[in-house]
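Here is a short tour of a model, with a look at its sheet, the helices beside it and the predictor's confidence. Take a moment with the view before reading on.

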Amino acid sequence: MKKRFVALWFHHLETDWFIVRQPALQTVPFVLAVKDHGRLVITAASNPAEEQGIKKGMVVADARMLLPSLEVLDHIPGLYEKLLGKLAEWCIRFSPYVAIDAPDGLIFDASGCAHLWGGDIDYLSTIIKRLHGRGYQLRVGMADTIGAAWAIARYGRSSPVIEPDMQSTALLPLPPASLRIEQELVERFYKLGLHQIQDFISMPRSSLRRRFGQAFLQRLHQALGMEPEYMQPVQPVELYQERLPCLEPIVTRSGIEIALQQLLEKLCKRLEQEEKGIRTLRLHCHRVDDAIITISIGTNFPSRHGEHLFKLFENKLPTIEPALGIELFVLEAVKVENHVPIQEKLWEKRNGLQDTRLAELLDRFTDRFGANCFHRYLPDAHYWPERSIRLSTSLQEPPTNNWRMDLPRPIHVLAHPQPIQVTAPIPDYPPMLFRYKGRLHKIVKADGPERIEQEWWLTAGEHRDYYCVEDEAGQRFWLFRSGHYDAEKMVGWFLHGFFA
Amino acid sequence: MNQPNSDIIRQLQHEILPLQGYRSAWGESFIKIDLGPVNAAFPNARFPVGAIHEFMVNSPEEKAATSGFIAAILSFLMQREGVVLWISAGRNIFPPALAFFNIDPHRIIFIDLHNQKQVSWAVEEALKLQGLAAVIGDLRELDFTASRRLQLAVEKSRVTGFLLNASRNNSNTNASLCRWQISPVPSIPIDELPGLGYPCWQVKLLKVRNGRPGSWEIAWMNKQFVAKHNTRIMIPEWHKKTG
């Protein structure tokens with residue numbers, strides 16, 4: 001689509017703000033001034049003051065010569081930034097893409113916006129009327145490029161709208177300053193007798209560059225639309241967002257469900273075309289009383305399966321309080337990842353860990369039982385049993401090293417080793433019998449010891465001597481002795497696991 | 001009985017078995033589960049996949065033995081990229097030990113929940129999902145209604161379900177296809193050496209629909225099940241103990 005830009009110029013931004021606050025200043029000539037090297041320098045002048053020839057940059061003493069009744073107010077630093085920021089956010093009603101053009105303007109990307117207000121002229125007059133209502137004087141311009149809109153807003157003599165593709169002719173009668181160039185360059189143009197753009201636009205580019213520099217050429221080309229120009233919007237536009245305004249406020253659960261389903265269908269269709277999947281999704285419900293209720297879901301694996309996403313939302317729907325009714329639903333995909341569907345095998349309904357149905361099942365578990373409900377383990381390069389495994393961060397993460405098979409490990413391990421009473425010959429023989437939970441186990445076969453040292457750089461503590469033992473009944477246990485035998489203290493024996 | 005009659009009976013048996021829950025799982029044609037001497041207990045001498053197997057557990061030692069036995073069966077089921085969900089509250093499986101049963105522990109996803117109600121719900125949801133190799137559920141209780149629901153779920157999805165039933169009176173009737181009890185028995189020494197050997201279990205098949213229940217002592221050695229009494233003939237080529 002053809003781009004259209006609107007430039008707004010608040011020529012008395014700061015003084016207008018003072019007038020809004022103190023309506024008595026409306027007719028009084030006044031200036032804002034700041035102290036600089038022991039004198040007061042004017043930073044902004046109100047309309048009546050300007051009519052008397054008082055300009056920005058003058059010293060207050062000089063201005064008083066022209067107009068003895070001049071009122072002088074303190075300049076507030078940072079005021080224009082704050083005002084422009086507020087105005088830009090307010091102006092999002094006219095276009096979703098609003099940027100600040102410091103120190104006294106705003107730029108809209110109005111592509112496809114004007115027809116909603118009944119055409120370019122009506123669009124601009126609405127903007128002017130609404131901002132006048134807030135007490136601000138402004139000039140506007142509309143064109144295909146930011147540069148042309150800027151120029152026409154500030155220096156235009158006739159219509160504020162430049163018709164599509166007409167910027168090169170519309171710019172001709174404007175002064176060189178309308179190209180957003182430095183004051184010094186502007187003066188050089190006037191010195192050379194070039195008072196309008198048409199005086200130099202047909203000159204060879206190479207001589208223009210030699211005399212006025214590359215920056216000037218770039219500005220000229222941007223205004224003519226030969227070079228792209230980018231703007232920084234005040235509110236970043238959500239890429240994956242769907243809105244559903246409702247004619248009547250929604251109060252019932254079935255109404256919310258229908259709205260959510262419609263939004264999901266639209267969003268998923270779009271994601272499918274772009275081969276993306278959702279990781280985090282948020283539903284904002286704007287209520288009649290201006291409250292916004294937000295519920296969000298997350299998935300473990302990118303998904304664009306509407307039914308599945310709806311199921312995840314289903315548990316959270318009861319938390320929405322419609323009160324007097326919801327008038328706008330906004331579904332926003334906060335986190336989106338690339339998602340190329342894997343090829344499924346017809347003859348075998350198994351896709352291992354890549355299976356989307358598995359990911360969906362885990363999403364449902366996560367939704368119901370909390371994020372920490374499923375674990376997948378990978379081997380870690382530690383001998384200490386508790387540290388020999390680590391949690392994998394994702395479903396697909398492959399193991400970096402092999403699972404060790406050279407030392408026996410029990411299939412069941414107790415979360416905390418349980419103390420047992422043992423009869424064992426010294427120095428390093430396995431126990432002959434042990435008592436656990438009141439039951440005596442006579443040991444028939446045993447392997448060991450396998451000494452595992454603490455990793456001192458991680459934790460301090462005693463080493464463990466592990467024994468695999470089997471009792472008379474054939475039950476197999478994993479026992480360990482903590483530390484060396486010592487005459488002074490009791491040596492602890494523990495049961496740590498059960499072999500299959 | 002004359003020849004045509006027995007043919008008719010065999011034909012009818014073939015039709016009845018699927019109705020009783022003996023269905024083939026997805027991709028099962030590639031998988032052969034060899035339980036050694038226990039095979040004879042099942043109709044068609046095939047371990048029933050896509051069904052509910054219930055394991056009675058009375059002590060922590062029995063639970064470890066049962067986990068080992070299930071892990072050994074999983075080694076067949078998890079060939080070809082299969083994924084297993086192990087659902088429990090208060091899990092004590094040590095994943096590295098599963099590698100000794102010839103399975104990749106990283107292809108098992110452990111679902112750790114807080115109470116039995118959550119476990120029952122999760123097991124049912126998991127069993128409904130086509131494409132899993134197996135689902136293992138650690139239950140404290142299993143009544144008839146619950147088991148019926150689970151059996152119906154697997155008949156549709158053809159996932160094999162293993163339920164560890166640790167309830168006090170676990171002899172209640174329920175709808176599972178097989179009921180097992182596994183207890184540890186002294187291991188088989190490796191090369192006549194002292195110390196622990198290959199794991200051995202007393203496998204009791206208490207109930208099997210349309211099969212012959214029985215009791216066997218079997219060992220897991222060299223990636224397969226072997227009857228304990230004829231292990232001496234075997235020459236171990238894989239000199240590794242199993243955990």
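## A pair of neighbouring strands

Let's begin with one residue pair in this predicted model: B:Q202 sits opposite B:E217, which belongs to strand 8 of chain B. Strand 8 (residues 214-221) of chain B and strand 7 (residues 198-208) of chain B run antiparallel, with 6 bridges joining them.

## Helices against the sheet

Two helices are worth finding in your viewer. Helix 2 (residues 60-77) of chain B packs on the sheet, and among the strands it touches are strand 1 (52-56), strand 6 (178-188), strand 7 and strand 8 of chain B. The direction of helix 2 of chain B makes about 105° with that of strand 6 of chain B.

Helix 4 (residues 116-127) of chain B also packs on the sheet, where it touches strand 2, strand 3 (108-113), strand 4 and strand 5 of chain B. Its direction makes about 165° with that of strand 4 of chain B.

## The whole sheet

How many strands form the open sheet? There are 10, with mixed pairing, in the order 12(A)-3(B)-2(B)-4(B)-5(B)-1(B)-6(B)-7(B)-8(B)-9(B). Strand 12 (374-375) of chain A and strand 9 (224-227) of chain B each have a single partner strand, so one side of each is left without a neighbour in the sheet.

## Confidence

Chain B has an average pLDDT of 82, and 88% of its residues score at least 70. Within chain B, confidence is highest in strand 3, at 92, and lowest in helix 1 (residues 3-19), at a mean of 79. Residues 232-243 of chain B have a pLDDT below 50; this stretch has 26 contacts in the model beyond near neighbours in sequence.

For the complex, the predictor gives an ipTM of 0.83 and a pTM of 0.66.

How values were computed. Residues are numbered from 1 along each chain as its sequence is written. Chains are lettered from A and ligands numbered from 1 in the order in which they are written. This is a predicted model: local features need pLDDT of at least 70, side-chain atom pairs count only at pLDDT 80 or more; totals for chains, interfaces and linings use all residues. Two strands pair if DSSP finds at least two bridges between them. Helices (H or I, at least four residues) and strands (E, at least two) are DSSP runs, numbered from the N terminus. Two residues are in contact if their C-beta atoms, placed from the backbone, lie within 7 Å. Axes are lines fitted to C-alpha atoms, for helices over the stretch in contact, and angles run from 0 to 180 degrees between N-to-C directions. pLDDT is the predictor's confidence in each residue, from 0 to 100.
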